[in-house]
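Dear colleague,

Please find below the structure I am passing on to you. My findings follow it, arranged by topic for your review.

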Amino acid sequence: MKGRVKMAVRKIKNDVYEVGAIDWDRTLFDEIIPLPDGTSYNSYLIKGSKKTALIDTVEPEKQNELFENLKELNVKHIDYVVSNHAEQDHSGTIPKVLQAYPMAKVVTNEKCKEFEKDLLLIDDEKFITIKDGESLSLGNKTLQFVFTPWVHWPETMSTYLVEDKIMFTCDFFGSHIASSDLFVRNEAKAIEDAKRYYAEIMMPFRFPIRNNLKKIEKYDVDFIAPSHGQVYDKPDLILNAYKEWVSEDVKNKVVIPYVSMHGSTEKIVDYFVGALMSRGVKVRPYNVITSDIGEIAMSLVDAATIVVASPTVLVGLHPTAAYVLSFINAIRPKVKFGTFIGSYGWAGQSVNQAKTLTSNLKAKMLDPILIKGYPKAEDFKSLNTLANEIVKSHESCKYVKF
Ligand code: FEO
């Protein structure tokens, strides 16, 4: 079992503590998402006058830190392990908690129970299932369960601690950041981290998130306490950011994921970036060979247009461009326009392949430009025409904010 054995117990309010683990060294999540700042698995202990509850646990390889923190607080008894989400970075240590505290029951919704029986092999009788809006008394403190499905699994829920006005949201409003500050202190950095997390994990679910935001806003909330990253003691900061991200609004911005082998596509991209800039459009090219895909995802949260650029390899897209497009298709950014630019030698199916790979995007497709070999004067003219077309499209789209 890896992991350092002790971190600090961090107090939120009287008898409410963060007892999880900080993962300073983790660099990849789900074997795909880069973590430039590590992450944390927050677990919250609530000591009521009659009952004690633990909300979410930690990634199993960090279980020692959770148990050391519980020891530091002299926790001899846990009555309830509230599980907001079945994914193993939060639920994976529940079986060990049940072993250490045999009287504890897992409190969760029916769907989450079924997942945890499958994923963690927890026996049916260890569960107490609750319904949306139901409450559970800990004596002088009360938990209320708020179902917030599809952030990002179907069973996800939040738990509201009524007396202390804390909403525990698990992945919802989370961010991958390892920090000794439990509370957000650098707001700009916190929102940047949360935006990256939203882009990579939550963006495909922006419609259910809109409903869940409305639900959360009905509660009188002083703290939003996710199970990754920092706690918001000014909840409006993250609520307003989420509202903007899930809205239809986009910026006058073009994102260009590209790859080039011998310089033709790179020249096309360089020229096109200049053409857009000179027309007042924000533009961000990403060489997909060297870029962090989290950065690309984050940039796409509010971009109006995506332009993919690739040379032709074995009649199709460069395989790395195809991989990045598959990822972009999965995270479903709200781009309003899209097109393809690139080069070929004798024949190619890149445009059709790019269209197929981005079938989830609800963007209007503009005419692509496929250039034979190195770009020439007439090709630069075509690129100027496309840049004009993008400007016109942005100006006539009610969702593009200048
Ligand atoms: Fe942090 Fe969906 O797990």
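**Contact between the domains**

In this predicted model, 10 residues of domain 1 are in contact with 11 residues of domain 2. On the side of domain 1 that touches domain 2, strand 5 (33–34) and helix 5 (187–202) each supply at least two residues. Helix 5 gives the most to that side, contributing 5 residues. By residue class, the side of domain 1 that touches domain 2 holds 7 nonpolar and 3 charged residues, and no polar ones.

As to the extent of the two units, the domain assignment of the protein chain places domain 1 at 10–246 and domain 2 at 250–401. The centres of the two domains, taken over C-alpha atoms, are separated by 38 Å.

**The open sheet**

An open sheet is formed by 7 strands in the order 1-2-7-8-9-10-11, with mixed pairing. Strand 1 (10–13) and strand 11 (127–129) stand at its edges; each has a single partner strand, so one side of each is left without a neighbour in the sheet. On average, neighbouring strands of this sheet are turned by 25° against each other, direction ignored.

Within the order given above, strand 8 and strand 9 may serve as a detailed example. Strand 8 (residues 52–55) and strand 9 (residues 80–82) run parallel and are joined by 3 bridges. Which residue of strand 9 does Ala53 stand opposite? The residue facing Ala53 is Tyr80.

With kind regards

Technical notes:
Residues numbered from 1 in each chain as written. Predicted model: local features only at pLDDT ≥ 70, side-chain atom pairs only at ≥ 80, totals over all residues. Domains from an automatic or database assignment. Contact = placed C-beta atoms within 7 Å. Helix = DSSP H or I, 4+ residues; strand = E, 2+ residues; numbered from the N terminus. Nonpolar A, V, L, I, M, F, W, Y, C, P; charged D, E, K, R; others polar. Pairing = 2+ DSSP bridges. Axes fitted to C-alpha atoms, helices over the stretch in contact; angles between N-to-C directions.
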